[in-house]
Amino acid sequence: MEHSIISSIGYSSQSGKKSENNITNLDTTEEALSFQILSENDRTTKFRKQYYQTVSDLKWNDYKWQIANRISTLKELSTFLSLKDEELKAMDKETTHCPFAITPYYLSIIDLEDKESAIRKTMVPSINELIISEGECEDPLSEEESSPIPSIVHRYPDRVLFLTTAFCSCYCRYCTRSHMVDGHTQSLKEHWEDGFKYIREHKEIRDVIISGGDPLTLSDNEIDYLLSNIYSIEHVEMVRIGTKVPMVLPQRITDNLINIFRKYRPLYLSIHATHPDEITIESSIAINKIADSGVVMGSQTVLLKGVNDNEVIMRELMHKLLKVRIRPYYLYQCDPIIGSKHFRTSVERGKEIIHSLRGYTSGYAIPQYVIDAPKGGGKIPLLPSYYKDSDENNIYLYNYEGKEYAYPDKKRIT
Ligand code: SF4
């Protein structure tokens, strides 16, 4: 395929450019302000007092205000953080491989005094991103090769990825689609129509994953339009939405959006969760509202060096997710996008972390550890080895404590 999935559908990807195009598309009804904060986490309260004292609760809790006031330049960021050398150098560059933007809310939950804070590492550009290592490339999953039309990635027979926007409210430094994200959202409808047509014509598609960018940055009307069109296709059995919004912009989960979710069944949300610090009072309220609406939620987490590659942190994250009714789903080995070496752990480390969960916490708290194989090979599960060997009568296995057990498994003699 020669086309770039995003550029050919009218997106631009100018790194670091403040992108407010989505805002003009957002609903301006009062429902958009219906995210009610019953309480606020302490870090955010302190942050608001220090930097946003004149901003009312109503504004702060309005997702449109959060998007319009994203921090997206070095100058703005340095008002809040004392930047490290490696961050300063990266922000000074004309372009890194991934754009930079963060909502005031998500910035507020970072420990600003801690230069090694986990969430900060995932958001603030670092000079390490400019180091290109062996095996890295722009599109490691070769999604463009599995893209019959710009808005669709069709890798597995019965399901498709529907790329609906290139916009995110915050940009993760390790994003697999960093070469696509950021930019404009105008003229999307005609590309969506192509997507609907493709799905309609391919009767083998039973599962549609609405992705991007972050689809929950689209307006209520657009989300409703997308869902109603996809659900009207007879052979589509389920729809999933991939999003990080509940963690980075919980204010977006308004009553109106919840009412839209209620109209569609079965609807799944795959929520991108990185670190336990993301589960705040605000995100918990938002996520519980989603759960109450009948949407089924699973999590997707990328294993990141110095961020969550730690047994205690990973267990805490999985426990916190379960408490807000998100079932841990995937733990991804970090994709080898350009400039990602500083984020990538060894696969062995990932297996050790999974080993530290199995047997030591509820099975529900254990995500499936996978590598999304380069060149479009799909997800390949990775497990610590519990198998020892076998003979004619038994297989011999290790349990979570390393003790050996035999299970009767007589081999068939022909
Ligand atoms: S929210 Fe998702 S699509 Fe957006 S930058 Fe992060 S990983 Fe990429």
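Helices (H or I, at least four residues) and strands (E, at least two) are DSSP runs here, numbered from the N terminus. I use those names throughout. The model I am reading is a predicted one.

**Entry: the chain as a whole**

I began with the inventory. The chain holds 15 helices and twelve strands. I then looked up burial across its 414 residues, and 43% of them are buried. Next came the contacts between residues at least 6 apart in sequence. Of these, 81% join residues at least 24 apart.

**Entry: the ligand shell**

Which residues surround the ligand? I listed three cysteines, Cys168, Cys172 and Cys175, along with Tyr171, Arg177 and Val181. The list continues with Gly212, Gly213 and Asp214, then Lys244 and His272. I sorted the shell by character. Five of its residues are nonpolar, three are polar and three are charged.

**Entry: Gly212, Gly213 and Phe167**

Two glycines of the shell deserved a second look. The peptide bond between Gly212 and Gly213 is cis, with omega about 20°. I noted this because most peptide bonds are trans. Gly213 sits in the loop between β3 and α10.

I then turned to Phe167. This residue belongs to the loop that connects β2 (159-163) and α9 (188-201). Is Phe167 buried or exposed? I count 27 other C-beta atoms within 10 Å, so Phe167 is buried; the cut-off for that is 20 or more. I also checked its distance to Gly212. The two are 45 residues apart in sequence, yet their C-alpha atoms are 7.2 Å apart in space.

**Entry: strands β3, β4 and β5**

I followed β4, residues 238-243, through its pairings. Five of its six residues are buried, so I call the strand mostly covered. Strand β3 (residues 207-211) runs parallel to β4, and four bridges join them. One pair I looked up there is Ile209 with its bridge partner Arg240 in β4. Between these two strands the chain passes through helix α10 (residues 220-231). This β-α-β crossover is right-handed.

On to the pairing with β5, residues 267-272. β4 and β5 are also parallel, and five bridges join them. Here Gly242 stands opposite Ser270 of β5.

Just ahead of β5 I stopped at a proline. Pro266 lies in the loop between α12 (255-262) and β5. The peptide bond leading from Arg265 to Pro266 is cis, with omega near -10°.

**Entry: the sheet β10-β11-β12**

I moved to another sheet. Its three strands come in the order β10-β11-β12, the sheet is open, and the pairing is antiparallel. Which strands form the edges? They are β10 (387-390) and β12 (404-408), each paired on one side only. Neighbouring strands in this sheet are turned by 25° against each other on average, direction ignored.

I looked up the pairing of β10 in detail. Three bridges join β10 to β11, residues 394-398. Asp389 stands opposite Tyr396 in β11.

**Entry: positive phi outside glycine**

I searched for unusual backbone angles. Most residues other than glycine have a negative phi. Two exceptions went into the notebook.

Ser142 has a positive phi of about 50°. I place Ser142 in the loop between α8 (118-123) and β1 (152-156). Why does Ser142 count as partly exposed? Because it has 17 C-beta neighbours inside 10 Å, and partly exposed covers the range between 12 or fewer (exposed) and 20 or more (buried).

Arg325 is the other entry, with phi near 70°. Its loop lies between α14 (311-323) and β7 (327-333). Arg325 has 15 C-beta neighbours inside 10 Å, so it also counts as partly exposed.

**Entry: Phe80**

I ended with Phe80, in the loop between α5 (74-77) and α6 (85-92). Phe80 counts as partly exposed because it has 17 C-beta neighbours inside 10 Å. Which residues does Phe80 contact, leaving aside its neighbours within four places in sequence? I found Tyr51, Leu107 and Leu112. I also looked up its distance to Gln50. Phe80 and Gln50 are 30 residues apart in sequence and 9.5 Å apart in space, C-alpha to C-alpha.

Note on methods:
Residues numbered from 1 in each chain as written. Predicted model: local features only at pLDDT ≥ 70, side-chain atom pairs only at ≥ 80, totals over all residues. Near = placed C-beta within 6 Å. Nonpolar A, V, L, I, M, F, W, Y, C, P; charged D, E, K, R; others polar. Pairing = 2+ DSSP bridges. Axes fitted to C-alpha atoms, helices over the stretch in contact; angles between N-to-C directions. Right-handed = clockwise from strand over helix to strand, strands pointing away. Contact = placed C-beta atoms within 7 Å.
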